[in-house]
Amino acid sequence: MSFTLPSLPYAHDALTPHIDAMIMEIHHGKHHQTYVNNLNKAVAGTTLGESALEDLIRDVSRYGETIRENGGGHYNHKLFWTILSPQGGGIPTGPLAKALSERFGSIEKFMKEFSAAAAARFGSGWDWLYVNDQNDLAICSTPNQDNPLMD
């Protein structure tokens with residue numbers, strides 16, 4: 001088994017005017033594909049290519065920077081494509097809105113804290129809303145292609 005680039009769940013131009021087709025084609029088909037290619041090269045000849053991506057990410061400190069960067073890049077982008085939507089945007093509603101308000105005091109306070117974490121990240125990185133080990137919503141910012149799943 002090797003890692004593969006997932007298909008986008010929408011057309012390259014579906015997020016226009018926010019992200020145009022050319023940017024999507026470059027970021028998905030070239031940038032993300034490079035993470036996949038480099039990850040496959042890094043695990044070639046080992047049993048790591050048989051691992052689920054999430055398992056590889058959870059233990060990534062055992063495998064070195066090449067797998068950390070490319071495995072993280074693949075995982076983060078794979079998730080990223082699924083949370084973008086042509087019908088998305090706006091203020092959260094339903095259970096997510098309730099959970100954000102309970103944890104952060106209000107959706108507005110969550111948005112302010114989330115934005116502050118992203119603005120504080122120098123250089124390349126990601127900002128995350130995730131469920132921590134205490135089963136609470138949390139915000140963190142990670143450098144480069146790191147993410148909260150990593151050890």
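Helices here are DSSP runs of at least four residues, numbered from the N terminus. By that rule Phe110 and Phe114 belong to one element, helix H5, which covers residues 107-120. The two residues are four positions apart, about one turn of the helix. The model that holds them is predicted.

The chain as a whole comes first. Its secondary structure amounts to five helices and two strands. Read from the N terminus, the order of the elements is α-α-α-α-α-β-β. The C-alpha trace spans about 50 × 40 × 30 Å along its principal axes. Of the 151 residues in the chain, 32% are buried. Among contacts with a separation of 6 or more, 54% are between residues 24 or more positions apart.

The interior can be read through its nonpolar cores. The largest nonpolar core has 12 residues: Phe3, Val36, Leu39, Val43, Leu48, Leu53, Leu56, Ile57, Val60, Ile67, Tyr75 and Met150. At least two residues of this core come from each of helix H1 (21-43), helix H2 (53-58) and helix H3 (65-83). Ile57, one of the core residues, shows what surrounds a member of this set. Apart from neighbours within four places in sequence, Ile57 is in contact with Gly71, Gly72, Tyr75, Asn147, Leu149, Met150 and Asp151. A second core of eight residues is separate, and Ala97, Leu100, Phe110 and Ile139 are among its members.

Phe110 leads from that second core to the aromatic rings. A pair of aromatic rings is described by the distance of the centres and the angle of the planes. The structure has five aromatic pairs. In one of them, the rings of Phe104 and Phe110 have centres 5.4 Å apart and planes at 50°, so this pair is tilted. Both partners are buried: Phe104 has a relative accessible area of 8%, and Phe110 has a relative accessibility of 10%. Phe110 also pairs with Phe114, again in a tilted arrangement, at 5.5 Å centre to centre and with 40° between the planes. Phe114 has a relative accessible area of 24%, so this residue counts as partly exposed. Phe104 has a charged neighbour as well, since Arg103 lies over the face of its ring at 4.6 Å from the ring centre. Elsewhere, ring pairs join Phe80, Trp81, Trp126 and Trp128 into a cluster.

Trp126 is also a contact of Gln145, a polar residue worth following next. Gln145 sits in the segment after strand E2 (137-143). Its relative accessibility is 5%, so Gln145 counts as buried. The side chain of Gln145 makes a polar contact with the side chain of Tyr35, at 2.9 Å. Neighbours within four places in sequence aside, Gln145 touches Tyr35, Glu69, Gly72, Gly73, Asn76, His77, Ser124, Trp126 and Met150. Met150 also belongs to the largest nonpolar core.

The charged pairs remain. Side chains of opposite charge can pair when their charged atoms come close. The structure has three salt bridges. In one, the side chains of Asp146 and Arg68 meet at 2.9 Å, N to O. Asp146 lies in the segment after E2 and Arg68 in helix H3, so this bridge ties together parts that are 78 residues apart in sequence. Both ends are buried, with a relative accessibility of 16% for Asp146 and 14% for Arg68.

Another salt bridge joins the side chains of Asp55 and Arg58, at 3.3 Å from N to O. These two residues both lie in helix H2, three residues apart, about one turn of the helix. Asp55 is partly exposed at 42% relative accessibility, and Arg58 is partly exposed with a relative accessible area of 40%.

In the remaining bridge, the side chains of Glu102 and Lys98 meet at 3.7 Å, N to O. Both residues lie in helix H4 (residues 94-104), four residues apart, about one turn of the helix. Glu102 and Lys98 are both exposed.

Key. Residues numbered from 1 in each chain as written. Predicted model: local features only at pLDDT ≥ 70, side-chain atom pairs only at ≥ 80, totals over all residues. Heavy atoms only, no water. Phe/Tyr/Trp six-rings, centres within 6.5 Å; stacked < 30°, edge-to-face > 60°. Buried < 20%, exposed > 50% of the residue type's maximum accessible area, 1.4 Å probe, protein only. Lys NZ or Arg CZ within 6 Å of the ring centre and 35° of its normal. Core = buried A, V, L, I, M, F, W, Y, C linked by side-chain atoms within 4.5 Å. Contact = heavy atoms within 4.5 Å. Polar contact = N/O pair within 3.5 Å; in protein donor to acceptor, adjacent residues only side chain to side chain. Salt bridge = Lys/Arg side-chain N within 4 Å of Asp/Glu carboxyl O.
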